[in-house]
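Me: Hey, can you walk me through this protein? I'm new to this, so plain words please.
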Amino acid sequence: MLKRTFPIALLSLALAADAAAQSAVPDSRPTIGPTKPDFFNRVIANQKKGEAALDLYERIERVETRKNPNDTAPAAIKIMRVIPSGTGMFRIPLSADGKPRDSSAYRADLENLVRTLTLLASDAGSQREALEKYAKKKKERNDLIDSTHNAFLFTFVATRFTSIFPKVRGFVWIDEASGELARIEGEVTEDISVGLFLGKIYKGSHFMQERYEFLPGLWLASFSQYDFDGRKLFSGFSVHERTFYSNYRYIGPPKEALAAIRLELGHAELDKPRGDPADQ
């Protein structure tokens, strides 16, 4: 997710922020059929399943930032190892080849994560507020996924869902066999006022996300793109980011994740070069 107020607000209006799906140009003469409530309820249930899985799987994220959406080369690239921490996501910077930039800094990041996971695994009271905030955030995300059924008009177009909202229009592709979202793409068709009219998302802003079956029965995001232009108070803002998600790996809830990270640190310690015996 983008960590900016306005993109999040737009995605909330659009289609459950991280909910994914697949887009393309519709046929010139599409075949339109009635919606299927039971099928759509299955899709929503699967999306919630994917959301829950994000608390159990670590991943690698490659975030490319551009000044303009049509720029061929990104202005900046960030690669991060993203690990569920029990109260959010712990991000560790990596180099361009996906390896630690500095072994000492990387180890320090893992040790910080161990401290956080240790508090959660031991049910420390100091983490109660953080856990409550995270639980509230997850509930809001699930409520947002549920609300898409009422917030949009869904009509089957051949094997596609077309979603229509007063100021957002897009297409959602669904894998019919699994009932999983494969891709979503939407565009703002009119300026959207947000934050009590203190800001705007401009017409033409665009978002999309793709998802694939990384493991049998588990679909997770593989790519997302956000191109937002707008105004916040008296200044303009522009967000043009593409994120690639890869290397999903099960790490489990805090207690399991703690054991896995401790084991990784132990192996790193064994791999450290030993000093000259004469110096010991």
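Reply: Sure, and one term up front: a residue is called exposed when its relative accessible area is over 50%, buried when it is under 20%, and partly exposed in between. Also keep in mind that this is a predicted model.

Me: Ok, so is Asn247 buried or exposed?
Reply: Asn247 has 56% relative accessibility, and the cut-off for exposed is over 50%, so Asn247 counts as exposed. You'll find Asn247 in strand 13.

Me: What's its phi like?
Reply: Asn247 has a positive phi of about 55 degrees, although it is not a glycine. For background, most residues other than glycine have a negative phi.

Me: Let's zoom out. How many helices and strands are there in the chain?
Reply: The protein chain has five helices and 13 strands. It has 280 residues, and 41% of them are buried.

Me: And what does the outside look like, how much area does the chain expose?
Reply: About 15500 Å², with carbon and sulfur atoms supplying 55% of that. There is also a nonpolar patch on the surface, formed by Leu198, Leu233 and Phe234, with about 390 Å² of accessible area together.

Me: Where does Phe234 from that patch sit?
Reply: Phe234 is in the loop between strand 12 (218-232) and strand 13 (235-250). Phe234 has a relative accessible area of 87%, so it is exposed.

Me: What about Leu233, which loop is that in?
Reply: Leu233 also lies in the loop between strand 12 and strand 13. At 45% relative accessibility, Leu233 counts as partly exposed. Its phi is positive, about 55 degrees, though Leu233 is not a glycine.

Me: Now the inside. Which residues touch the most other members of the largest nonpolar core?
Reply: That core has 17 residues, and Ile83, Ile92, Leu110, Leu113, Leu117 and Ile261 touch the most other members. Strand 3 (76-84), strand 4 (89-94), helix 3 (103-121) and helix 5 (254-271) each give two or more residues to this core. Helix 3 supplies the largest share, six residues. As a general point, nonpolar side chains tend to be buried together in soluble globular proteins.

Me: Pick one of those. What does Ile83 touch?
Reply: Leaving out residues up to four places away in sequence, Ile83 touches Glu58, Gly88, Met89, Phe90, Ile92, Leu113, Ile251 and Ile261. Apart from this core lies another one, of 16 residues, which includes Val188, Val194, Ile201 and Tyr226.

Me: Is Tyr226 really buried or exposed, and by what number?
Reply: Tyr226 counts as buried because its relative accessibility is 3%, while the cut-off for buried is under 20%. Tyr226 is in strand 12, and its C-alpha is 5.6 Å from that of His240, although the two are 14 residues apart in sequence.

Me: Switching to charges: how many salt bridges are there?
Reply: The structure holds 15 salt bridges. One of them joins Glu51 and Arg141, with the closest N and O atoms 2.8 Å apart. Glu51 is in helix 2 and Arg141 in helix 4 (residues 128-151), so this pair links distant parts of the chain, 90 residues apart. Both Glu51 and Arg141 are buried.

Me: Any others with buried partners? What about Arg211 and Glu180?
Reply: Arg211 and Glu180 are both buried, and they form a salt bridge with their closest N and O atoms 3.6 Å apart. Arg211 is in strand 11 (residues 206-215) and Glu180 in strand 8 (residues 180-188), so the pair ties together parts 31 residues apart in sequence. Arg66 and Glu64 meet in a salt bridge too, at 3.0 Å from N to O, and Arg66 and Glu64 are buried as well.

Me: Which residues make up a network of salt bridges?
Reply: Glu58, Arg81, Arg249 and Glu264 are linked that way.

Me: Last one. You mentioned helix 2, so why does its length make sense?
Reply: Helix 2 covers residues 37-53, and at 1.5 Å a residue its 17 residues should span 24 Å. Its end C-alpha atoms are 25 Å apart, which agrees. Several residues in helix 2 are buried, among them Phe39, Phe40, Val43 and Ile44.

Notes
Residues are numbered from 1 along each chain as its sequence is written. This is a predicted model: local features need pLDDT of at least 70, side-chain atom pairs count only at pLDDT 80 or more; totals for chains, interfaces and linings use all residues. Side-chain values use heavy atoms; hydrogens and water are left out. Helices (H or I, at least four residues) and strands (E, at least two) are DSSP runs, numbered from the N terminus. Buried means under 20% relative accessible area, exposed over 50%, partly exposed in between (1.4 Å probe, protein chains only). Accessible areas come from the Shrake-Rupley method with a 1.4 Å probe; for residues, only the protein chains shown count as cover. Patches are made of residues with over 30% relative accessible area and no salt bridge: like charges are joined within 9 Å, nonpolar side chains (Val, Leu, Ile, Met, Phe, Trp, Tyr) within 5 Å. A salt bridge is a side-chain nitrogen of Lys or Arg within 4 Å of a carboxyl oxygen of Asp or Glu. A nonpolar core is a set of buried Ala, Val, Leu, Ile, Met, Phe, Trp, Tyr and Cys residues joined through side-chain atoms within 4.5 Å. Contact means heavy atoms within 4.5 Å. The expected span of a helix is 1.5 Å times one less than its number of residues.
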